[in-house]
Amino acid sequence: MFHTISRAALRAAFVAGLFCGAASPVLADDLATIKENGTFSAAMSGQYPPFSMVDEKNEVIGFDVDITKEIARRLGVNGNAVTTTWDGIIPGLLTKKYDAIIGSMAITEDRLKAVDFVGPYYHDGRGIFVLDKSEAKGLDDLKDKVIGVTLGETHEKWAREQGGWTIRTYKGLPELIMELKAGRVDAVVVDYIALLTVIKQTSDPIRMLDIANIEGAKIGIGIAIRKNNPELKAAMQKALDDMMTDGTYETISTKWIGRDIR
């Protein structure tokens with residue numbers, strides 16, 4: 001998604017970061033620890049196909065998983081995808097439950113107060129989707145309707161700021177699609193690449209509203225790491241840049257999305 005996160009959760013993450021910094025004012029760069037352990041772990045929701053999802057073998061797969069493994073390979077270690085709830089994903093990074101967040105996270109000024117970013121590794125934007133049979137053509141047509149969003153995303157914050165409709169929150173994209181198709185919500189507000197990809201694969205009767213100049217229409221999606229890790233940041237950025245130069249990135253993107261989304 002341009003996977004987003006609530007301001008309240010971000011404040012908690014920032015406080016956690018300050019606490020960790022106060023406890024350990026001088027830290028070795030995380031790259032050395034990653035190489036020593038032989039593993040690079042990255043967090044994602046696992047609820048955001050085709051970027052991260054759990055298959056029938058209970059394994060996490062998707063675009064973000066392949067990006068994680070390829071960056072790890074170029075760092076000379078094994079890659080490990082970790083699933084976690086979106087509301088707690090930045091606090092989990094700051095308390096060292098994993099090395100990075102490769103979970104389709106939008107780069108924002110608020111987040112930059114708590115973490116550093118590598119990338120962007122793709123670009124996405126906000127989209128509003130309805131069933132094909134819906135008569136809605138714009139925001140005004142959704143007045144007094146029921147809108148579905150993922151809990152903790154800034155899409156939720158944006159939707160609440162608009163007012164004039166009822167908001168219901170869900171865990172992730174699969175639930176949102178199910179609720180829309182069942183008619184329990186009239187529209188969903190999500191990152192458009194993920195849902196357009198699902199629609200292409202499933203032929204679900206869902207369409208995106210054509211809304212000019214909608215806030216958040218295009219934004220960079222980055223890889224979050226803990227602050228004060230210049231060596232790790234440089235190594236990961238080089239891995240990402242090399243992937244984009246040698247064709248590996250395009251191969252991964254085409255595999256999961258059907259096109260190059262950088």
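How many of the five residues of β11 are buried? Five of its five residues are buried, leaving β11 mostly covered (buried means under 20% relative accessible area, exposed over 50%, partly exposed in between, with a 1.4 Å probe and protein chains only). This is a predicted model, in which local features need pLDDT of at least 70 and side-chain atom pairs count only at pLDDT 80 or more, while totals for chains, interfaces and linings use all residues. Residues are numbered from 1 along each chain as its sequence is written, and side-chain values use heavy atoms, with hydrogens and water left out.

**View 1. The open sheet of five strands follows the order β10-β9-β11-β8-β12.**
Its pairing is mixed. Strands here are DSSP runs of E with at least two residues, helices are runs of H or I with at least four, and both are numbered from the N terminus. Two strands pair if DSSP finds at least two bridges between them. At the edges you will find β10 (166–170) and β12 (206–208), each of which pairs on one side only. Ignoring direction, neighbouring strands of this sheet are turned by 30 degrees against each other on average.

**View 2. Strand β9 (146–150) is enclosed on both faces.**
Five of the five residues of β9 are buried, so the strand is largely enclosed by the rest of the structure. In a regular strand the side chains alternate between the two faces of the sheet. Here, Val146, Gly148 and Thr150 lie on one side and Ile147 and Val149 on the other, and all are buried. On to the partners: β9 and β10 run parallel and are joined by five bridges, with Val149 standing opposite Thr169 in β10. Between these two strands the chain passes through helix α6 (residues 154–162), and this β-α-β crossover is right-handed. Right-handed is meant in this sense: with the strands pointing away from the viewer, the path from the first strand over the helix to the second runs clockwise. β9 also pairs with β11 in the parallel sense, over two bridges; Ile147 has Ala187 of β11 as its bridge partner.

**View 3. Strand β8 (residues 126–131) has antiparallel pairings with β11 and β12.**
Four bridges join β8 to β11, and Arg126 stands opposite Asp191 in β11. The pairing of β8 with β12 has three bridges, and there Val130 stands opposite Arg207.

**View 4. Helix α7 (residues 173–182) lies across the strands β8, β9, β10, β11 (187–191) and β12.**
The helix runs at about 155 degrees to β11. For such angles, axes are lines fitted to C-alpha atoms, for helices over the stretch in contact, and values run from 0 to 180 degrees between N-to-C directions. Contact, in turn, means heavy atoms within 4.5 Å.

**View 5. An open sheet of three strands has the order β2-β3-β4.**
Its pairing is antiparallel. β2 (47–48) and β4 (60–61) stand at the edges, each with a single partner strand, so one side of each has no neighbour in the sheet. Take a look at strand β3 (residues 52–54), which pairs with β4 over two bridges: Val54 stands opposite Val60 in β4.

**View 6. Helices α2 (residues 30–37) and α9 (residues 230–246) pack at an angle of about 70 degrees.**
Their axes are 6 Å apart. α2 and α9 are therefore roughly perpendicular to each other (angles under 35 degrees count as roughly parallel, over 145 as roughly antiparallel, 65 to 115 as roughly perpendicular and the rest as oblique). Asp30, Leu31 and Ile34 of α2 make the contact with Glu231, Leu232 and Ala235 of α9. These residues divide into four nonpolar, no polar and two charged. In this count, Ala, Val, Leu, Ile, Met, Phe, Trp, Tyr, Cys and Pro are nonpolar, Asp, Glu, Lys and Arg are charged, and the others, Gly among them, are polar.

**View 7. Helix α9 also packs with helix α10 (residues 248–257), at an angle of about 80 degrees.**
The axes of α9 and α10 are 4 Å apart, and the two helices are therefore roughly perpendicular to each other. Met243, Met244 and Asp246 in α9 meet Thr248, Tyr249 and Ile252 in α10. The residues of this contact divide into four nonpolar, one polar and one charged.

**View 8. Gln201 lies in helix α8 (residues 192–202).**
At 55% relative accessibility, Gln201 counts as exposed. Gln201 and Ile257 are 56 residues apart along the chain, and their C-alpha atoms are separated by 9.8 Å.
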